[in-house]
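Please open your viewer and keep the sequence beside it, so that each selection can be followed in both places. The tour goes from the whole chain to single side chains.

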Amino acid sequence: MLSVVTEDGSTQSGSLSDEIVREGARRVLAAALEAEVNRHMAELAAETAQARRRVVTGAHPVPPVVDVLP
């Protein structure tokens, strides 16, 4: 974003340093949010993969049924 800076270092919306700080804060928050979403998606993918592995490999097999006749 380009801004017109006056001789006293201010812009139409305030001082240039304030704008720089606000833009930096926006970028930090956006990066933090993106990292959190990526972490959540990775955890979800790992849980899904683990659940599929249990189904395919029979990690929780059903015990065999044994007929016991007297």
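What follows is a series of selections, each with a short note on what is there.

**The whole protein**

Begin with everything selected, and keep in mind that this is a predicted model, in which local features need pLDDT of at least 70 and side-chain atom pairs count only at pLDDT 80 or more, while totals for chains, interfaces and linings use all residues. Residues are numbered from 1 along each chain as its sequence is written, and side-chain values use heavy atoms, with hydrogens and water left out.

Colour the model by pLDDT, which is the predictor's confidence in each residue, from 0 to 100. The mean for the protein is 81, and 70% of its residues reach 70 or more. Where pLDDT is low, the predicted coordinates should not be read in detail.

Now switch to a cartoon view, in which you should find 1 helix and 2 strands, arranged along the sequence in the pattern β-β-α. Helices (H or I, at least four residues) and strands (E, at least two) are DSSP runs, numbered from the N terminus. Select residues 10–11, which are strand β1, and then helix α1: among the elements, β1 has the lowest mean pLDDT, 69, and α1 the highest, 90.

With the surface shown, the accessible area of the protein comes to about 6,600 Å², of which 64% belongs to carbon and sulfur atoms; such areas come from the Shrake-Rupley method with a 1.4 Å probe, and for residues only the protein chains shown count as cover. Of the 70 residues, 3% are buried, where buried means under 20% relative accessible area, exposed over 50%, and partly exposed in between (1.4 Å probe, protein chains only).

**Salt bridges along the helix**

How many salt bridges does the structure hold? There are 4, each being a side-chain nitrogen of Lys or Arg within 4 Å of a carboxyl oxygen of Asp or Glu.

Select Glu23 and Arg26, whose side chains meet in a salt bridge at 3.2 Å, N to O. These two residues are 3 apart in helix α1 (residues 16–57), so about one helical turn separates them. Glu23 is partly exposed at 30% relative accessible area, and Arg26 is also partly exposed, at 49%.

Add Arg27 to the selection, since Glu23 also forms a salt bridge with Arg27, at 3.1 Å. Glu23 and Arg27 are 4 residues apart in helix α1, again about one helical turn, and Arg27 is exposed, with 59% relative accessible area.

Move on to Glu36 and Arg39, which meet in a salt bridge at 2.5 Å and lie 3 residues apart in helix α1, separated by about one helical turn. Both are partly exposed, Glu36 at 41% and Arg39 at 40%. Looking back at the earlier selection, salt bridges with shared partners join Glu23, Arg26 and Arg27 into one network.

**A nonpolar patch and a polar side chain**

Next select Leu33, Val37, Met41 and Leu44, which form a nonpolar patch on the surface with about 370 Å² of accessible area together. Patches are made of residues with over 30% relative accessible area and no salt bridge, with like charges joined within 9 Å and nonpolar side chains (Val, Leu, Ile, Met, Phe, Trp, Tyr) within 5 Å.

Finish with Leu44 and Thr48. Leu44 lies in helix α1 and is partly exposed at 41%; Thr48 is found in helix α1 too and is partly exposed at 34%. The side chain of Thr48 reaches the backbone oxygen of Leu44 at 2.9 Å.

How values were computed
Polar contact = N/O pair within 3.5 Å; in protein donor to acceptor, adjacent residues only side chain to side chain.
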